[in-house]
Amino acid sequence: MKFNELPFHESLKQALDKIGYTDLTPIQAKSIPFAMEGSDLTGLAQTGTGKTMAFLLPTLHRLLSSTEEVNLPYGLVLAPTRELTIQIAEEAKKLLEFTDFGVATIIGGTDYKSQVEALGNKACLIVATPGRLIDFVKNHGLSLDNIQVVILDEADRMFDMGFVQDLKYIFHKCKNRKQSLLFSATLSYEVVRLASKYLNDPIEVHINPEKVITERIDQTLLHLGRDEKIPYLVNSLLNYPIEGLGIIFTNYKMNIPKLVQTLRKYGITATGLSSELDQKKRIRLLRDFKAGKYKYLIATDVASRGIDIENIDIVYNYDLPQDAENYVHRIGRTARAGRKGSSIALCSESDYTELERIEKYLNSKIPIGELNEAYLVFPEGEFTPVLEDESIPGEKKYTDRDRGDQRGPRGKKQGRDKRDKRPHREQTHRQREDGSPAKDKDHHPAAKMSHHEYKHHHGKPGDSNSKKHFRKEDKHQKQTQHSGKQSSRRNLFDKDKDYQLQKKKKSIWQRIVSLFKKD
């Protein structure tokens, strides 16, 4: 089915022609006719299947085709993340280009003044995250009494993020709604419960997610060692250029500055996106990436949902996601709106558990690609670095901690890099793995002492007692760190080595006694 076969309002037809949309995706073909009639609807479809147009077009058509005067705002779209909210609002503005209506985007991380102005500029549609919307209702006098259509996008994700009570509050405030549309990637218990309570005899539309993925995305799995991932990635990007854009996903935000710096060194334009960046910078980076300033975006799962960029040709999974469902959301960044795309997963010894979960979720094996041995080392020759004058997102926060990057399963460090010779005073500014600031007790007492305080506490620099006390205290600290932390960070692949080490530590007498105990 094609868009011009549906009886949309004339202004929407003009907008669709300008955008260039012609063929409907399966979710659009199944849901738009029912939604145009005013029926409540639940749509089960993965990201990248065209859900945004599936709910925007019928909602705006009913508004523009109304013969009676409509009080604004007419419709409300709720989304779990700021990025997704911004994307939906941009699509709505394109569809409303040939009308005098506007769109209000209500999200956190931006100023209230501009959002209040947008609400007063004939905003027929509010696109919001639940938290900031409730803030507007409670503290800024926003009324939802005129809302006639309520749309939930990625409802399952909202429940995962703890928006259950917020959604109930918002539905209660939209007391005059006449239609509700709910879209979700999975039908969890909470999604079904919400639909049964707030939707009136909804029509169910389901799209098979596995079929969508296998038909439109060419998936490849490459088995590599942890240390081989970066050189293989660099060689792949240099030797297989793409016409559009690419996204590289990693599980750990501390990997982003390292990857960006390495790619730029070899002349590849790249930037990073993670939750560490403030909202304005995230919006600017996404806008520049979409405009083509950067060829590749390195991101954590904060970008796996809500980035609707049409010309994403390829997605790299530098780390396999710990949540199997996120694999689908990640590779769903490519092959948007009926296009085809590619995904390449770099699987090391740290990713085998995740691989098993993902293939079980997909109910199929990811095809294994053939390795190019020459790609296992960094390319030789002269390369012109790019964007040297531009800061790397997250660099100041993670560069010191990333040296060596010896990480085992789940990204935990295996030990401190021997090259790291920074004094204790400098180490107090480091952060822990979870991003929380390090406390004084996490470091040696000398780290928070001035030179004068140190002399007063330990004696003169040349005094033997002070040296003895310092060595004793330092030894105690190392033993505590080893017993308290190292066990939880042990690489499971090194367990045989640990066993041999423990065996050597036993005295001859203990080893003889242990033989008798076995009997």
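**Close-up 1. Two lysines parked over aromatic rings.** In this predicted model, Lys138 lies over the face of Tyr169, at 5.1 Å from the ring centre. Another lysine does something of the kind: the charged end of Lys122 sits over the ring of Phe101, with 5.0 Å to the ring centre.

**Close-up 2. Helix 2 and its buried face.** Helix 2 covers residues 26–36, and its buried residues are Ile27, Gln28, Ser31, Ile32, Ala35 and Met36. Looking down the helix axis, you find these buried residues within an arc of 125 degrees, so they line one face of helix 2. What sits on top of them? The cover for the buried residues of helix 2 includes strand 1 (41–44), helix 3 (51–64), strand 6 (179–184) and strand 7 (203–206). Just past the end of helix 2, look for Gly38, which takes a positive phi of about 100 degrees.

**Close-up 3. The largest nonpolar core.** Here we zoom in on a core of 41 residues, the largest nonpolar one, where Phe8, Phe55, Leu57, Ile88 and Leu95 have the most contacts inside the core. Plenty of elements chip in at least two residues each, among them helix 1 (10–19), helix 4 (82–95), strand 4 (123–128) and strand 5 (149–152). Which element gives the largest share of this core? That would be helix 3, with eight residues. In soluble globular proteins, nonpolar side chains tend to be buried together. For a local look, pick Leu57: neighbours within four places in sequence aside, Leu57 is in contact with Phe3, Phe8, Leu12, Leu16, Ile32 and Leu95. There is also a second, separate core of 32 residues, and Ile106, Ala123, Ala195 and Tyr198 are among its members.

**Close-up 4. Strand 12 between its partners.** Strand 12 (residues 312–317) is mostly covered, with five of its six residues buried. Strand 12 pairs with strand 9 (residues 245–249) in the parallel sense, over five bridges, and one of the places to spot this is Gly246, whose bridge partner in strand 12 is Ile314. Strand 12 also runs parallel to strand 13 (residues 341–347), this time over four bridges. There, Tyr316 has Ile344 of strand 13 as its bridge partner.

**Close-up 5. Ala345 and its surroundings.** Ala345 is part of strand 13. Is this alanine buried or exposed? Ala345 counts as buried, with a relative accessibility of 1%. Setting aside residues up to four places away in sequence, Ala345 touches Thr220, Leu221, Leu222, Asn317 and Leu320. Ile366 is 21 residues away along the chain, and its C-alpha atom is 9.1 Å from that of Ala345.

**Close-up 6. Stacked aromatic pairs.** The model holds seven aromatic pairs. In one of them, Phe3 and Tyr21 are stacked, 6.1 Å centre to centre with 25 degrees between the planes. Phe3 comes from the segment before helix 1 and Tyr21 from the loop between helix 1 and helix 2, so the pair ties together parts 18 residues apart in sequence. Phe3 is buried at 5% relative accessible area, and Tyr21 also counts as buried, at 18%. Tyr266 and Phe378 are stacked too, at 5.9 Å centre to centre and 5 degrees between the planes. That pair links distant parts of the chain, 112 residues apart: Tyr266 is in the loop between helix 12 (255–265) and strand 10 (270–273), while Phe378 is in the loop between helix 15 (352–362) and helix 16 (395–398). Tyr266 is buried, at 10% relative accessible area, whereas Phe378 is partly exposed, at 37%. Add Phe383 to Tyr266 and Phe378, and you have one aromatic cluster.

Note on methods: Residues numbered from 1 in each chain as written. Predicted model: local features only at pLDDT ≥ 70, side-chain atom pairs only at ≥ 80, totals over all residues. Heavy atoms only, no water. Buried < 20%, exposed > 50% of the residue type's maximum accessible area, 1.4 Å probe, protein only. Arc of directions from axis to C-beta. Contact = heavy atoms within 4.5 Å. Pairing = 2+ DSSP bridges. Core = buried A, V, L, I, M, F, W, Y, C linked by side-chain atoms within 4.5 Å. Phe/Tyr/Trp six-rings, centres within 6.5 Å; stacked < 30°, edge-to-face > 60°. Lys NZ or Arg CZ within 6 Å of the ring centre and 35° of its normal.
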